[in-house]
Each structure stands twice: as structure tokens, then as C-alpha cells.
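Take a moment to look over the sequence and the fold before reading on. The paragraphs below go from the whole chain to its parts, and they are best read with the structure in view.

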Amino acid sequence: MALLPAPQTRTVDAIYAWHEAADRDGFRPHLGASLVGLRCDRALWYSFRWVARAVRTGRILRLFETGNLEEKRLVTELRRIGVTILDIDPATGRQWRLQALGGHFGGSVDAVGVGFPEAPKTWHIVEFKTHNSKSFADLRANGVEAAKYQHWAQVQVYMYLAGLDRAMYLAVCKNDDALYQERIRLDTEAAKLFITRAERVIDATAPPDRISEDPDSRLGCRWCGYRGVCHFDAQPLLNCRTCRHSSPIANAHDGTRRCRSMNNGKAAPRTFISRHSSPARRSPPTLGALGSTTGCLTGASGATRALGHDRPVQLPARRR
Ligand code: SF4
């Protein structure tokens with residue numbers, strides 16, 4: 001019997017391709033508060049230094065968009081039940097931004113709100129998250145701090161920087177639309193430790209110690225986007241963040257870095273960063289001088305050897 005031809009998925013492929021084409025590079029000028037609860041200092045440092053670009057397929061990008069669409073729905077629902085919810089900063093007309101460490105650390109807050117039935121007079125940081133059913137069950141059973149420490153760290157930083165002492169964490173299960181809520185109390189000491197950690201990572205001129213020497217470690221290496229650069233000989237991207245001659249400018253407020261080489265200590269041009277940097281284009285005209293004569297990182301092991309290691313910082317203890 002003749003085999004049937006494989007089903008065509010050109011329409012779906014085109015949708016995924018559209019998302020990939022519309023995707024920006026995924027790099028942020030600042031170290032994101034959403035990451036500061038990660039286990040590994042080195043992963044944070046790699047993120048801040050734009051060492052590798054995350055692989056974002058069309059399906060994954062669409063999944064991110066699903067999270068954003070869910071936020072809009074929850075904002076509408078909160079308004080319907082009488083909560084005053086501000087998802088836009090009236091002063092700027094844009095999403096709320098909180099920052100610290102001269103703008104090199106911070107994040108975008110989903111919303112701030114007041115009028116929740118549990119505490120009608122208290123302003124809250126509001127954080128929306130979506131979960132699959134397994135993650136949602138863990139969240140329900142153990143709470144945000146134990147089940148999603150990274151999310152807990154994020155709202156701690158937001159509360160501290162906003163001067164609020166409560167957060168409302170609202171989660172949606174993507175499988176059955178069930179909702180979960182948790183009011184989180186500010187832990188000032190923890191928030192300060194997270195900011196101290198961010199400062200250490202931002203100021204570090206060397207990759208901090210690995211969380212494990214085993215590239216398959218379940219502590220995080222097995223799934224880490226920096227595994228190739230960190231444990232093997234994958235090439236880091238070539239840009240101003242991976243160049244040892246750039247450093248954060250204090251109080252830049254927008255993540256600007258100083259170039260001590262080509263730009264005589266002035267700000268590194270933002271166009272100099274990332275867009276044209278890939279291992280396949282190691283010597284574009286603007287980067288050639290840095291790459292060849294001023295010591296841009298040319299390999300993970302070389303970088304590690306040349307720059308040495310930094311000490312990891314203390315984090316608030318996890319409860320599990
Ligand atoms: S591979 Fe492991 S040690 Fe390296 S950055 Fe990722 S989590 Fe950290």
C-alpha cells in the first residue's frame with residue numbers, strides 16, 4: 001500500500017515564522033529582577049553580559065504572548081470585581097518600571113492595585129503568572145516562595161523598590177484556567193540581599209563560580225541556556241558586554257556602559273551592542289579592533305582563565 005504523504009503544516013509554520021521574525025534579540029540593558037532569584041550567579045552574569053542568545057522558537061514566543069494576553073484578561077477581571085488596578089504608570093504612559101543600582105538592575109511591574117477584598121485599603125504590587133498543571137499543583141501545595149522562588153524574589157525586589165509591603169500574586173493554570181492567589185508580605189532583609197547580589201553580579205569582571213562542575217547537574221546546568229559556553233567550548237557572542245574594556249556607568253539609568261578602549265572611556269554606543277555580534281561574524285568592521293587587539297572574550301575557557309573567578313554571594317535561604 002502506498003504511503004500517505006506527510007501532512008503539510010505550512011500555515012502553522014508560517015505563524016511560527018512570523019513570531020520568530022518579529023522577535024527582538026531578547027537582550028536587556030539591565031539585569032532583570034525576574035532573574036535575581038536564579039540559583040546560579042554565573043547564569044546571572046552571563047545574562048547581564050549578553051554571552052549567549054536564548055533560542056526562542058515560534059512556539060515558545062507564542063507561549064510568551066499567551067502569558068501577556070492572560071495579563072490583560074486578569075486586569076479586566078480585577079476591575080470587574082472593583083479593584084483599582086493600574087497597569088500603566090500615569091507619569092509615563094508606559095508600563096511601571098522600577099530600577100536600582102544606577103539603572104543596571106530592575107524590571108517592569110505588571111500592575112499596582114488597591115481594593116482587593118482581603119485588604120481593601122492596601123496598595124499591592126500585582127504580579128501575574130501562567131503555569132502548566134504540574135507547576136500549578138506545586139504552587140497550590142507549597143506556595144510561591146517554596147514552589148517558585150524566582151517569582152518570590154522578583155516581587156520582593158519590586159515591593160522594596162516601590163516602597164510597598166504587600167504583593168498580590170495571581171496565577172493561571174494554562175490547562176484548566178483555574179486561578180491561584182497569594183498575598184506576599186515584604187521581607188526587607190531578603191530584598192536587600194537580592195539587590196546586593198545583583199550589585200555583585202553587575203560589578204563582577206569575571207564569571208562567578210559555577211553552581212556545579214557537572215554539565216548535567218539537575219541544580220540547573222542540564223537545562224541552562226549558557227551550558228555550552230560555561231562547560232564546553234561554545235563561543236560567547238561578540239559584543240560590548242563580553243568585552244573586558246566595557247563596564248557599567250554608575251547612575252546611567254538606562255544600562256549604558258563605558259568603553260575604555262575605542263571610545264576613550266565614554267559611553268559605548270548602543271548600536272555597538274549585540275545586533276551584529278554572532279560567532280559567525282567575529283570580525284565586523286566595528287568590532288574588529290576590539291576582537292583582535294583589546295581582548296574581547298574569544299572563548300569560554302579562555303575567558304575564564306584570563307579573568308579568573310569571583311565569589312558567589314549569599315542568598316536568602318530557601319525553605320526547600
Ligand atoms: S551551566 Fe550551570 S554553572 Fe553554568 S551558568 Fe548555567 S547553571 Fe550556572
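Two strands are said to pair if DSSP finds at least two bridges between them. With that in mind, turn to β7 (166–173), which pairs with strand β8 (residues 179–185) in the antiparallel sense over 7 bridges. One place to find this pairing is alanine 167, which stands opposite isoleucine 184 in β8. The two strands form a hairpin with 5 residues between them, and in the turn aspartate 177 has a positive phi of about 65°.

All of this is read from a predicted model, so it helps to step back and take in the whole. The protein holds 9 helices and 10 strands, and of its 320 residues 33% are buried. Among the contacts with a separation of 6 or more, 70% are made by residues 24 or more positions apart.

Return now to β7, which has another partner: β6 (124–131) runs parallel to β7, and 7 bridges join the two strands. Here glutamate 127 stands opposite tyrosine 169 in β7. How enclosed is β7 by the rest of the structure? Because 6 of its 8 residues are buried, β7 is largely enclosed by the rest of the structure.

The helix α3 also meets these strands. Its buried residues are Leu74, Val75 and Leu78, and they pack against β2, β5 (111–114), β6 and β7. The length of α3 can be checked with a simple piece of reasoning: at 1.5 Å a residue, the 23 residues of the helix (residues 58–80) should span 33 Å, and because its end C-alpha atoms are 33 Å apart, the expectation and the model agree. The expected span is 1.5 Å times one less than the number of residues. Just after α3 comes glycine 82, which takes a positive phi of about 95°.

A second helix, α2 (41–48), is mostly covered, with 8 of its 8 residues buried. Those buried residues, which include Asp41, Arg42, Trp45 and Phe48, pack against β1 (31–32), α6 (188–203) and α7. Following α2 is tryptophan 50, whose phi is positive, near 55°.

The helix α2 leads on to the ligand. Which of the 14 residues around the ligand come nearest? They are Cys40, Arg210, Cys221, Cys224 and Cys230. The elements that give two or more residues to the shell around the ligand are α2 and α7 (227–231). Sorted by character, the residues of this shell divide into 8 nonpolar, 3 polar and 3 charged.

For a contrast with the buried helix, look at arginine 94, which lies in the loop between β2 (84–86) and β3 (96–100). Is arginine 94 buried or exposed? A residue counts as exposed if 12 or fewer other C-beta atoms lie within 10 Å of its own, and arginine 94 is therefore exposed, because it has 9 C-beta neighbours inside 10 Å. Leaving aside residues up to four places away in sequence, arginine 94 touches Ile88 and Asp89. From C-alpha to C-alpha, arginine 94 and serine 108 are 9.8 Å apart in space, while in sequence they are 14 residues apart.

Key:
Residues are numbered from 1 along each chain as its sequence is written. This is a predicted model: local features need pLDDT of at least 70, side-chain atom pairs count only at pLDDT 80 or more; totals for chains, interfaces and linings use all residues. Helices (H or I, at least four residues) and strands (E, at least two) are DSSP runs, numbered from the N terminus. A residue is buried if 20 or more other C-beta atoms lie within 10 Å of its own, exposed if 12 or fewer, and partly exposed in between; C-beta atoms are placed from the backbone. Two residues are in contact if their C-beta atoms, placed from the backbone, lie within 7 Å. A residue is near a molecule or strand if its C-beta atom, placed from the backbone, lies within 6 Å of it. Ala, Val, Leu, Ile, Met, Phe, Trp, Tyr, Cys and Pro count as nonpolar, Asp, Glu, Lys and Arg as charged, and the others, Gly among them, as polar.
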